[in-house]
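Here are my notes on the model, as numbered points. Please read them with the structure open.

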Amino acid sequence: MLRNGPDAFGWVTILLHWAIALLIAGLLVLGYIMTRPDIDPMLQFDLFQWHKSFGFTALGLCIIRVLWWLASRHPVAVAGLSVREKWASFAVHILLLCLTLAVPLTGWALASTSTLDIPSFYFNLVVIPHLPLGKSAVAEALWTNAHAILAYSLAALVLLHAAAALHHHFVRHDAVLVRMLRSRQRDG
Amino acid sequence: MPVRLTTITASLMAVASFTAHPSLSQAKAPTLDDAAGRYDIDGSSQINFKVGQVGGGGISGKFTKFSGTFQLDRGDIEKSVVEFALFPETVQTGEPRIENFLRSTAVFDTASYPKIVFRSTKITRTGEDTAQIEGNLTAKGTTRTEHFDATLTKWNRRVIGFHIQGGVYRTRYDMSVGIPIYSNIVEFDMMVNGQKH
């Protein structure tokens with residue numbers, strides 16, 4: 001089943017979810033390591049370029065993810081959720097979708113405004129042009145801060161999201177985690 | 001702008017007629033032989049370089065501390081010797097973070113290799129006022145043969161100037177960081193002036 005069903009996610013949603021999850025985790029680790037002040041400068045340069053290429057990949061997948069989310073039906077919430085829990089879940093998911101777009105966009109803005117003017121050469125295949133923003137130390141610092149703050153906010157939200165999924169699986173024993181792992185209509 | 005040797009010769013002939021001792025029998029026309037001697041490369045020289053980047057543009061910069069000599073052979077320019085040393089620590093690009101990166105172990109590693117040295121091994125005249133300079137370039141502990149094209153731009157009895165251009169593959173010197181975003185070729189475009197010793 002590619003598309004979402006009435007109470008199950010389709011494979012497109014599931015694959016996008018886990019691909020983006022993997023990218024977010026990897027990009028957070030990469031972003032942390034590459035900004036350590038004592039890192040070898042050559043390694044740092046290369047890690048930044050990998051971060052940019054994977055970051056643009058994440059942006060592309062997140063745009064598809066949001067469009068897919070807007071165009072798809074949403075499986076009903078599992079039974080046993082209170083109204084408040086449903087609203088909290090909805091809010092976290094909306095915020096996650098927004099941040100998965102905002103984090104790479106601020107990264108793109110930071111690369112675009114940097115006075116280093118390093119081209120974004122996507123996996124050494126194609127140049128992704130800079131955004132039409134003026135280059136200056138002030139703009140670069142602003143976008144750097146925005147990128148870092150939003151990225152760590154996203155990390156916190158991802159942890160909350162994962163903790164909630166684990167709580168549902170191991171404490172409440174419901175299908176919240178499982179239905180993001182395999183696409184299957186629940187029996188009966 | 002290149003100045004042709006013939007032009008120099010003609011103007012020097014004109015100047016020669018105004019010299020203090022025109023009556024002496026040495027009043028023959030000056031030739032390149034008169035340029036023979038040792039010149040110290042002076043601070044008016046411009047050691048500019050550029051590394052292109054994908055999509056256009058690139059990093060342009062210069063080195064501000066260097067030294068060297070031209071030893072022009074009397075009668076045979078091809079026996080002349082050019083020696084040049086520059087201090088990569090003095091690299092300037094207009095962006096301090098790029099300069100620090102160039103000084104770091106990723107590129108010049110100026111802490112371990114403070115000097116880049118060139119010594120010519122062969123000079124081949126390629127035209128009336130041009131020559132190709134072949135020599136050994138030592139950078140970051142590696143010595144390789146490189147070629148530069150020189151054009152005479154200025155010459156009088158005290159000063160000689162050359163426009164020297166050439167491309168150097170940086171991979172040869174363990175400076176391959178950033179390829180292919182940044183070109184492997186460092187294009188040098190130098191105005192090198194010498195003062196007669």
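1. In this predicted model, strands β9 (residues 142–155) and β10 (residues 159–169) of chain B run antiparallel and are joined by six bridges. The connection from β9(B) to β10(B) is a hairpin of three residues. For orientation in the viewer, B:T151 stands opposite B:H163 in β10(B).

2. On to the next pairing of β10(B). This strand is joined by 11 bridges to strand β11 (residues 182–196) of chain B, and the two run antiparallel. Here B:I160 is the residue that stands opposite B:G194 in β11(B).

3. The wider fold of chain B holds two helices and 11 strands. Their order along the sequence is α-β-β-β-β-β-β-α-β-β-β-β-β. Among contacts in chain B with a separation of 6 or more, 55% are between residues 24 or more positions apart.

4. Chain B has 197 residues, of which 26% are buried. Which residues touch the most other members of the largest nonpolar core? They are B:F66, B:F84, B:V107, B:I133, B:A150 and B:I164, in a core of 37 residues. Two of these names can be placed on the strands of point 1: B:A150 falls within residues 142–155, that is β9, and B:I164 within residues 159–169, that is β10.

5. B:F66 deserves a look of its own. Leaving aside residues up to four places away in sequence, B:F66 touches B:I41, B:I47, B:F84, B:A85, B:L86 and B:F87. Of these partners, B:F84 is also listed among the core residues that touch the most other members. There is a second, separate core of nine residues, including A:I24, A:L27, A:F54 and A:A58.

6. Now the interface. The contact is made by 12 residues from chain A and 14 residues from chain B. On the side of chain A that touches chain B, helix α2 (residues 41–71) of chain A gives the largest share, with four residues. By type, that side of chain A has eight nonpolar residues, three polar and one charged. A:F54 and A:A58, named in point 5 as members of the second core, have positions inside the range of helix α2 of chain A, residues 41–71.

7. Last, confidence. The ipTM of the model is 0.89 and the pTM is 0.87. For chain B the average pLDDT is 87, and 83% of its residues score at least 70. Residues 5–30 of chain B have a pLDDT below 50, and beyond near neighbours in sequence this stretch has 16 contacts in the model. Please keep that stretch in mind when reading the chain B totals in points 3 and 4.

How values were computed
Residues numbered from 1 in each chain as written. Chains lettered and ligands numbered in written order. Predicted model: local features only at pLDDT ≥ 70, side-chain atom pairs only at ≥ 80, totals over all residues. pLDDT = per-residue confidence, 0-100. Contact = placed C-beta atoms within 7 Å. Nonpolar A, V, L, I, M, F, W, Y, C, P; charged D, E, K, R; others polar. Pairing = 2+ DSSP bridges. Core = buried A, V, L, I, M, F, W, Y, C linked by C-beta atoms within 7 Å. Buried ≥ 20, exposed ≤ 12 C-beta atoms within 10 Å, placed from the backbone.
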